[in-house]
Amino acid sequence: MNLPVEIAASERLIVALDFDTAGEARSLVEGLGDTVGFYKVGWQLFLGAGWPFVEDLLESGKKVFLDLKIGDIGTTVRAAVGNMPDCSAGRLEMLTLQGGRATVQAAMAGRGERTRPWLLMLTVLSSMDDADLGDLYPGGHDSATLVDVIRIRARMALDAGCEGLIASGESVRDLREHFSDRQFLIVAPGIRPEAAARDDHKRSLTPYQAIRYGADYLVMGRPVTGADRPNDVVRSVISEIEKALQDREVPPGAG
Ligand code: C5P
């Protein structure tokens, strides 16, 4: 696996373009200019603007993380990933999956000989905590904590061949320590500057904490997209990332 060794602080921030229309997304991208080079496109924008928008972003030199959280039977996952347009598929940096070993193997088969997009497995949504897990698995809650479930899902995904994990909150540090002998990417959503609202994230970290604990990339949406001065927010996040890289506790997964 060829993961990046040195990633500049400014390239570690991925801004989530959670907008309804291409026009709104484009205006943020243009406003941020060269300050941000990496964007996440999820269901909200993808269903509204689709591949033409993704293609435009790629053409303008931006890196793209397509957050479709693909999870289906293996045959469908393989066909879906294989069906991404040739001109864009190999140029996407990241694609998210949810599911088990068969999902990962099918996505790898669909990706074929390409080295991109990196396949990232969702562990547990950052809008869920231990209590939500109890609601989902009422019988098993006493024996398996959120930390256990995240570790089990992480091991499965990495064993099956994923290049990385989506992880948030304290699980960033736990996964980096627990799988310290492995190379993999951690992409952390649910990132909030100290003073910002948590929104729907029950497990969130500041940019400084997430990088210090071992995340490689941070995903941030509303604190940037909803800001009066998005450039200021981004600049302050990047300077937190720079500081955290110097204070990093555990070696980065990619390094
Ligand atoms: O606006 P905010 O910073 O909360 O955006 C977080 C983004 O990360 C959203 O686009 C959401 O879909 C995504 N995400 C997440 N938790 C995950 C995986 C993805 O919040 N576990």
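How much space lies in the largest pocket? About 580 Å³. Hi everyone, that pocket is where I'd like to take you today, and please keep in mind that we are looking at a predicted model.

Let's start with the walls. The lining of the largest pocket is made by 27 residues, and K40, D67, K69, P189 and H201 are the closest to its centre. Strand 2 (38-42), strand 3 and strand 8 are the elements that give two or more residues to this lining. Strand 3 gives the most, with 3 residues. Sorted by class, the lining has 11 nonpolar, 9 polar and 7 charged residues.

So what takes up the space of the largest pocket? The ligand does. Around the ligand you'll find 16 residues, and the closest are D18, K40, R192, H201 and R222. If you are following along in the structure, look for strand 3 (63-70), strand 8 (217-220) and helix 10 (222-225), since each of these supplies at least two residues of the shell around the ligand. That shell counts 7 nonpolar, 3 polar and 6 charged residues.

Now for some individual contacts. The side chain of D18 has an N or O atom 2.6 Å from an oxygen atom of the ligand. For K40, a polar side-chain atom lies 2.7 Å from a ligand oxygen. R192 also has a side-chain N or O atom 2.7 Å from an oxygen atom of the ligand. As for cover, the ligand on its own has 470 Å² of accessible area, and the protein covers 87% of that.

That's my tour, thanks for listening!

Technical notes. Residues numbered from 1 in each chain as written. Predicted model: local features only at pLDDT ≥ 70, side-chain atom pairs only at ≥ 80, totals over all residues. Heavy atoms only, no water. Near = heavy atom within 4 Å. Polar contact = N/O pair within 3.5 Å; in protein donor to acceptor, adjacent residues only side chain to side chain. Areas by Shrake-Rupley, 256 points an atom, 1.4 Å probe, with all protein chains shown as cover. 1 Å grid on protein atoms, 1.4 Å probe; cavity = no way out; pocket = protein on both sides within 12 Å on 5 of 7 lines; lining within 4 Å. Sits in = over half its atoms within 2 Å of the grid points. Helix = DSSP H or I, 4+ residues; strand = E, 2+ residues; numbered from the N terminus. Nonpolar A, V, L, I, M, F, W, Y, C, P; charged D, E, K, R; others polar. Points joined across faces, edges and corners; volume = space filled by probe spheres on them.
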